[in-house]
Amino acid sequence: MQTQTPLSLADLRAEIDRIDEAMHRLLMERSAIIDRLVQVKRTAGAESGSAFRPAREADMMRRLVERHDGLLPLDTVESIWRVIIATFTYVQAPYSVHADLAVGEPAMRDSARFHFGFTVPFVPHMGARGVIDAVKGSKGDLGLIAAAVPGAGDPWWTALEAEGAPKIIARLPFVERADHPAGLPVFVVSHPIDDAAVREVRVYSLRVTGWSAAAGRGIPALAEVVVAPDDALDGAALLVSLPPGHGVDEVIAALTEAGAGVRAVAEVGSHAAIHKVGVEA
């Protein structure tokens with residue numbers, strides 16, 4: 001039986017060079033397809049706004065995780081794909097990323113650079129409402145706001161309540177796991193994109209009177225809730241995220257039973273369910 005001669009170090013390096021060239025050519029081929037896509041959009045008159053498509057991107061990242069294998073860390077693979085996707089999105093329709101640094105500059109910059117790379121312009125703000133105003137005044141920019149309020153912070157989500165106001169369209173990272181290099185939970189805010197929105201998790205702004213610890217404990221555990229003081233002495237503004245199959249009526253009923261009153265409800269966006277890897281659901 002004839003044995004196969006082991007490849008030499010030079011042979012293995014030549015294989016690496018071949019693969020590197022093939023990857024580069026595939027990226028250039030992808031670029032050519034994007035150019036054709038832009039032309040098709042222009043012909044169809046569908047060129048306005050951001051080219052960011054959170055439903056498609058969330059699906060791409062889920063499939064990436066499911067097929068990944070081998071020595072290369074998942075962090076590296078995810079970051080490479082995020083830069084490829086974000087950059088080609090920018091090529092289709094240039095946009096900037098506005099980020100609220102109030103939660104901490106290093107963590108927010110890590111999130112922005114991991115998910116959008118260095119080609120997309122990064123615009124810092126000190127406060128979520130500044131981010132929302134910048135997005136509102138833009139053609140297709142994105143805003144990044146931490147999915148939590150530090151201390152007794154500002155209920156920034158009330159600025160998303162009006163019809164036509166910017167909305168939450170995604171939550172990053174798409175893939176959640178322990179020790180994620182950009183693990184800060186961040187909402188992505190943009191002009192409404194009804195044609196590309198993903199509705200798995202719906203997000204609501206609630207204005208509550210008679211807020212108390214009992215009211216907080218009464219909210220169903222399935223809901224993710226961020227709380228900030230509202231105008232009234234005993235009032236609170238709630239940002240409530242609900243998973244598929246659950247409605248805001250469940251939360252309203254729980255608050256009412258706990259003695260609180262709900263004086264206003266508005267849907268302020270939606271996003272894909274977080275894909276968890278090695279994290280207990």
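# Aspartate 179, a pocket and two cores

Me: Aspartate 179: buried or exposed?
Reply: Aspartate 179 counts as exposed, because its relative accessibility is 72% and the cut-off for exposed is over 50%. Bear in mind that this is a predicted model.

Me: Where is aspartate 179 placed?
Reply: In the loop between β5 and β6, with β6 covering residues 186–190.

Me: What about phi of aspartate 179?
Reply: Phi is near 60 degrees, so a positive value in a residue that is not glycine. Most residues other than glycine have a negative phi.

Me: OK, peptide bonds. Which residues does the cis one join?
Reply: Leucine 172 and proline 173, with omega at about -5 degrees. Proline 173 is found in the loop that links β4 (167–172) to β5 (175–176).

Me: New topic. How much space lies in the largest pocket?
Reply: About 690 Å³. Its lining has 23 residues.

Me: Which of them lie nearest the centre?
Reply: Arg30, Arg56, Met60, Ile84 and Ile85.

Me: And which elements give two or more residues to the lining?
Reply: Three helices: α1 (9–44), α2 (54–67) and α3. α1 gives the most, 8 residues.

Me: How does the lining divide into nonpolar, polar and charged?
Reply: Nonpolar residues number 14, charged 7 and polar 2.

Me: Back to α3. How many residues, and what reach?
Reply: Helix α3 spans residues 74–92, which is 19 residues. First C-alpha to last is 27 Å, close to the 27 Å expected.

Me: Which residues of α3 are buried?
Reply: Leu74, Val77, Glu78, Arg82, Ile84, Ile85, Ala86, Phe88, Thr89 and Gln92. Two of these, Ile84 and Ile85, also appear among the residues nearest the pocket centre.

Me: Now the largest nonpolar core. Which residues have the most contacts inside it?
Reply: Phe52, Met108, Phe116, Leu144, Phe174 and Val188, in a core of 34 residues. Elements supplying at least two residues each are α2, α3, β1 (97–100), α4 (105–116), β3 (142–146), β4 and β6. The largest share is from α2, with 5 residues.

Me: What does valine 188 touch?
Reply: Leaving out residues up to four places away in sequence, valine 188 touches Phe52, Leu142, Gly143, Leu144, Lys167, Ile168, Ile169, Ala170 and Leu172.

Me: How many residues are in the second core?
Reply: 19, and it is separate. Its residues include Ile132, Val135, Leu160 and Val268.

How values were computed
Residues are numbered from 1 along each chain as its sequence is written. This is a predicted model: local features need pLDDT of at least 70, side-chain atom pairs count only at pLDDT 80 or more; totals for chains, interfaces and linings use all residues. Side-chain values use heavy atoms; hydrogens and water are left out. Helices (H or I, at least four residues) and strands (E, at least two) are DSSP runs, numbered from the N terminus. The expected span of a helix is 1.5 Å times one less than its number of residues. Buried means under 20% relative accessible area, exposed over 50%, partly exposed in between (1.4 Å probe, protein chains only). On a 1 Å grid over the protein atoms alone, a cavity is a set of points where a 1.4 Å probe fits but cannot get out, and a pocket is an open set with protein on both sides within 12 Å along at least five of seven lines; lining residues have an atom within 4 Å of a point. Grid points are joined across faces, edges and corners, and a volume is the space filled by probe spheres set on the points. Ala, Val, Leu, Ile, Met, Phe, Trp, Tyr, Cys and Pro count as nonpolar, Asp, Glu, Lys and Arg as charged, and the others, Gly among them, as polar. A nonpolar core is a set of buried Ala, Val, Leu, Ile, Met, Phe, Trp, Tyr and Cys residues joined through side-chain atoms within 4.5 Å. Contact means heavy atoms within 4.5 Å.
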